[in-house]
Structure formats: structure tokens, C-alpha cells
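Grab a coffee and open the viewer: here are some short exercises to work through with the coordinates on screen. Try each task yourself before reading the solution below it.

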Amino acid sequence: MNTELANIFWELAEYLELKQDNPFKIRAYQKAAQNIEALSGNLQTIYKKGGLAALQQIPGIGSHIAEKIQEYTKTGKVSALQKLKKEFPKNFLQLVEIPGLGPKTALMLYKELKIDSPEKLTKAAKAGKLNKLPGMGSKKVANILRGLEIKQESHGRFLLDEATAHAEYLLDEFSKVSEIGKILVCGSLRRGCATIGDLDILVISHKPQKIMDAFVEFSIVQNVLSKGKTRSSVVLKNNMQVDLRVVEDKYFGAAAHYFTGCKAHDINLRKIAMQKGWKLSEYGLIQAKTKKLIAGKTEEEIFAAFGMQYIPPELREARGELKAAEAGKIPKLIELKQIRGDLHMHTKASDGSNTIEQMAEAAKALGYEYILISDHTQSTRIAHGLTEREMLKHIKEIRAANKKIKGIEILVGAEVDILRDGKLDYCDEILKQLDIVLATVHSSFKLPKVEMTKRITAALSNKYVNILVHPSDRLIGERDPIQVDMEKVLQTAKKHNVAMEVNSHPRRLDLTDIYCKRAKELGVNIVISTDAHSTHELKLMKYGVITARRGWLEAKNVLNTMPLAKLLKLL
DNA sequence: GCCGTTTTCGGCCCGACTGTTTTCAGTCG
């Protein structure tokens, strides 16, 4: 519901942009869309409880947008968008999605040449028809053709681990270039977003031209989009775009802040600067009149100049962090080193690649104090789920391994299927013998929301269930999240003292950041686990931690930062 | 279209690169 409405407002903004409507109106829709995406509560529920007035309490939503939400709740449509869509050919928006082709050019192409699709555009460009239009030289046409190719090859956004790997590769390449003072990967990767559109790299150097020359020659670079004195953009061989920015040392903090975003966070801080008679850009925080530099070398001194606490990058999402920083209420976010154990992993017994002993030794090497072996149960046959009889044997094996291996506690668990009717896949007699019981949905993903909510809340009320794992069941870019009333799930979890998992796998990152924040507000305990299917996947924990940080979580909210005795007591 | 410890009207963040523009518009981050 929230996502659908957010998309409607994004689309409205795009069409208005095509029409060259008032740019501030466009921004208003974009802002509303973004705030809706960040909302933990359901818009429909908010509207039903408090009507239009309640909707207007949400930042960026005024009377007109509230009415559109009302219309959508009642009719499932927003007539303003439908009307706008009719003014353009079907799929016309695809043109504006081509890099280098903006709304003004797209509109002109349509008016002059009736171009309304990427296919027609390619054809017209190759036939030499574009050059005859005003403002269209041969380079611009070539640029558009290149944009068409990039669009075709692009897979959209990248998972966090792939983006991290490419960033690390580039850092390694840059380490071979001299004249680099500092280097920092910024953008959505620094903020720890679940998916990454492109990489933003900031470099401090007195010889920017030299850095640029080296950058565009890296062997991993496929295509150079632009190259200037302080900024260059390239496309890598995996179609990932990389933007490089070079500034002087005295602007490092300002540039890092600007380049890290998110965009709305940057804009909000710039507005505050303006109110104070200052100006904020990548070239520092300055007095608007005298141009005197107030702060710029570090991010810390910039926030301090505003009288704010330092805001960690993961919180810079325009979700209330500026107000919190002004009030001194930025939480002390959880860190990877505070994790004492991993409570979700598989072995050869089901669909993992390693033995109990190998997993335990690998976890010990990471410095963990305890782990939970949690193989699949009988219903998940595709993952070799264990029957109850097999489970009993598996329990004995885990207990034996625990006696054998010193220095780490190996707990017995299982990732138990929640059946379609909300019952669990093992009888209570078996569940009773497990130290910790994980529960989740592994089938019938498409159940309607009401049934799915009933199914999961029923499972949570089973007294043996300790943790609901990967609660939304999304696989990023592969499978949509299940339809479920997450607010109700969280409230039920609180009631029955069930913890929620933040699954660290880059394809999942589930619970998502927004619901982490909500869980914290409701006092629901969190566990961050890897769901490792091999020893090397135990290292994915960092992605779960960064997701938890994006959800404002502190160590005290996360059970597996605690010693085992305390953890078991709280579960 | 939103918003208000200057304002219910008149504002709304700031800068780089490209191409074809003889002074700047379009696009992007």
C-alpha cells in the first residue's frame, strides 16, 4: 500500500517533469513519495483512524496529496495520474529513463518526429533524422545512442555485497595511484542501503587532473560518460556507474557529506544553513555574505557548527535524524564487534555445505561465543528438511559436537516451517528439545494479506517459537515480500516475547531498516543472523549490522550482543 | 504542492560537465 502510493507520486512527478510543470510542484510530489517510503505505519490504517487530518501530519503531505491518498484508498486509483498519463503515448516514460536524455529533449523528439519509444528513437538516430533538429549536434546524437545501449545492458540496482566488492577493487586500484591524500567511498554504499545504484568515490588530491587521467584508464572501466577537472563518471564492465569527485583537503568533510547524501538529507541541512545566513555545498559551510569558511575539513565540525551531534551515514535518510541530532538524541548505533554469536545457520544435514564442526570452528575463528545450528524441517523438502526422526538424531550429533569442541557453545535449533494454517512443522515434543526455535514461511508466499497475517501471528503464539526469521521473505530483485500486516506481526511478537531476525544475507536484509526502527519503538527484541549455508557466509554479518544501524538500533536492542546466559533468559 | 520562532503568500539547495549556445540550456548528482 505505501509502496504503491509512493510509486504513484514518483510517477506523477515524472509526468509533470515531462510537461515542464512547476518544478517545485514536482519536488513536492517527490518529497511526499520519499516520506511515504520511509513510513513504518500503513497509510491506509492512518487514514482510516484519523482521516485526512492524520495524513497531513506526515511531513510533505498537505491537503492535495492527502486527498489523493484518500481517493486511492477508496477507489484504488488516482485520477490526476490517469489524466496525465493520457496526455502521453504509452511507455513514453522509458525515453526519459535513458541516460543523457531529459524531459525537454524527449518532448521535443515527440513533437517533431513522433518518437514515443526507445526503438523508434534508435531508428531515427541511425537514419540521421535527429541531427536536423535545433540543438542536436552529432555528439549529442552519439551520446543518446550510447545512453540507449547503457540502458539496455543495465540490470538496475546492485546488491550490497557486489557493490562492496567493486568498491574494494577500485580502492585497490587507486592505491597504486600517487598523489592521493585521502579516499572515501560515499553515496548509498556508505549509508548501507540494501541496493546500490552507483558508486560515489571521493578523493583528496592537489593534482586532480592526474587522478582523473588514471581513473578513466582503469582496466575495469568500460565507458567514460564524462571527465572534468573535479568530477568524472564512468561505467564499469558490470554496467555499474562510478562517479569520482576530487577536492582539496580543506573541503574533505563538506564534500564527504554532500557526496554521501541522501539527497533529501543534504537539502534539509542546506535549508537550515540558509535560515542561519549560511550556505552549504561540497565547498564547505560558509557565511553567505562574507563567503568566510565556517567549517569544511571534517563532517564532525560541520555538524558541530550547526549545534548538532555527529550523524552516522546510515541515519542520513531524512527520517528525523537532523531533529534528533539537534536534540542530542542520536542513538549509539550497534557495531559489528559487539556481536557475540550467530543464531541462524545450516549444515550438511539439510542444505548447507559444511559440517557442524566446521561451522563451529569458523564461528570460533570470528571470535564468537556461541552459535545456533538451525537446519530446515521436513516440509522444506527442496532444502532436504529433516523429518522429526532425523531431527532427533541431528540433535544428538550437535550435542556431541558441543562436547568435543571447546571455546564455543553450540546450541541446538531448527528453522521450522510455518505451515499454511499457522501450525508448525514439528510437534511440540520435538520443539521442546530445541534450545532456540526459529520460525518462518517457506511456502504459499502468495497468500492474501489477512490470511498471511493470521498464519504468522498464530505461529508466534506457539510458546516454543523464539525468533521469526526473514520476516518479509523478500528476495531482492527476485521475489516480492509477502503481503502481511507487519505492524500486527510486531505487536504480536512483543506480546509473546518473540524476537525478530535481521537476516544478513545481501539478497534478504530482512527485517528491513524501517521495521527495525518500528520494532525498537515497540520494544521488540532483535537478533542479527547470517543464515549461512557455508563457513564463508558467516562473514555476511556486517550487512545485517549495517541494516540494523539504518534502523537506529543499539546493542541493547539486539540479543546476540549479549552473553549467552542473558540471551537465553531474555528469549 | 508544501510550508511558516522573519512569512497563510512567496518562497522553495547548490554545483559540475557537455555541447553548440556567442552567453547558456539541458542533464545530472
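## Exercise 1: Odd backbone spots

L509 sits in the loop between β16 and α22. Keep in mind that this is a predicted model.

**Task.** Find out what is unusual about phi of L509, and decide whether the residue is buried or exposed.

**Solution.** Start with the backbone: phi of L509 is positive, about 40°, although the residue is not a glycine. Next, check the accessibility. The relative accessible area of L509 is 1%, and the cut-off for buried is under 20%, so L509 is buried.

Now stay in that loop, between β16 (499-503) and α22 (513-522), where you'll also find L511. The peptide bond leading from D510 into L511 is cis, with omega near 15°.

**Task.** Do the same for H470: where does it lie, and what is its phi?

**Solution.** Look in the loop between β15 (467-468) and α21 (486-495) for H470. Its phi is near 25°, again a positive value in a residue other than glycine. With a relative accessibility of 0%, H470 counts as buried.

**Task.** Which residues does the cis peptide bond with omega of about -5° join?

**Solution.** That bond links G261 and C262. To place it, note that C262 belongs to the loop between α13 (252-260) and α14.

## Exercise 2: Rings and charges

**Task.** How many aromatic pairs does the structure hold, and why is the pair of Y15 and F88 called tilted?

**Solution.** There are eleven aromatic pairs. For Y15 and F88, first take the ring centres, which are 5.7 Å apart, and then the angle between the planes, 35°. Planes under 30 degrees apart would count as stacked and those over 60 as edge-to-face, so this pair is tilted.

Then ask where the partners live. Y15 is part of helix α1 (residues 2-18), while F88 is in the loop between α5 (79-86) and α6 (93-96), so the pair ties together parts that are 73 residues apart in sequence. Both partners are tucked away: Y15 counts as buried at 5% relative accessibility, and F88 counts as buried at 10%.

For contrast, try F303 and Y310. Their centres are 5.8 Å apart with 85° between the planes, which makes the pair edge-to-face. F303 is buried at 1% relative accessible area, whereas Y310 is partly exposed at 30%.

Finally, widen the view around Y15. Together with F88, F92 and Y110, Y15 forms one aromatic cluster.

**Task.** Which rings have the charged ends of R479 and K517 sitting over them?

**Solution.** Take them one by one. R479 places its charged end over the ring of F445, 3.9 Å from the ring centre. K517 does so over the ring of W552, at 4.2 Å from the centre.

## Exercise 3: Around the DNA

**Task.** Which of the 48 residues around DNA strand B come nearest?

**Solution.** The answer is G60, G62, T105, G137 and R270. Now look at what the protein meets on the other side: 76% of the atoms of DNA strand B that come within 4 Å of the protein belong to sugar and phosphate.

**Task.** How do R27, G60 and T105 approach the phosphate oxygens of DNA strand B?

**Solution.** Go through the contacts in turn:

- R27 uses an N or O atom of its side chain, 2.8 Å from a phosphate oxygen of DNA strand B.
- G60 uses a backbone N or O atom, at 2.7 Å from a phosphate oxygen of the strand.
- T105 uses a side-chain N or O atom, 2.4 Å from a phosphate oxygen of the strand.

Several elements give two or more residues to this surface, among them α2 (23-37), α4 (63-75), α7 (103-113) and β5 (221-227). The largest share, five residues, comes from α2.

**Task.** What is the residue make-up of the surface near DNA strand B?

**Solution.** Sort the residues by type, and you get 15 nonpolar, 16 polar and 17 charged.

## Exercise 4: Domains

**Task.** Where are the domain bounds of chain A, and how many Å separate the C-alpha centres of domain 1 and domain 3?

**Solution.** The domain assignment gives domain 1 (2-85), domain 2 (92-154), domain 3 (158-247), domain 4 (263-326) and domain 5 (336-570). Between the C-alpha centres of domain 1 and domain 3 there are 35 Å.

Key
Residues numbered from 1 in each chain as written. Chains lettered and ligands numbered in written order. Predicted model: local features only at pLDDT ≥ 70, side-chain atom pairs only at ≥ 80, totals over all residues. Heavy atoms only, no water. Phe/Tyr/Trp six-rings, centres within 6.5 Å; stacked < 30°, edge-to-face > 60°. Helix = DSSP H or I, 4+ residues; strand = E, 2+ residues; numbered from the N terminus. Buried < 20%, exposed > 50% of the residue type's maximum accessible area, 1.4 Å probe, protein only. Lys NZ or Arg CZ within 6 Å of the ring centre and 35° of its normal. Near = heavy atom within 4 Å. Polar contact = N/O pair within 3.5 Å; in protein donor to acceptor, adjacent residues only side chain to side chain. Nonpolar A, V, L, I, M, F, W, Y, C, P; charged D, E, K, R; others polar. Domains from an automatic or database assignment.
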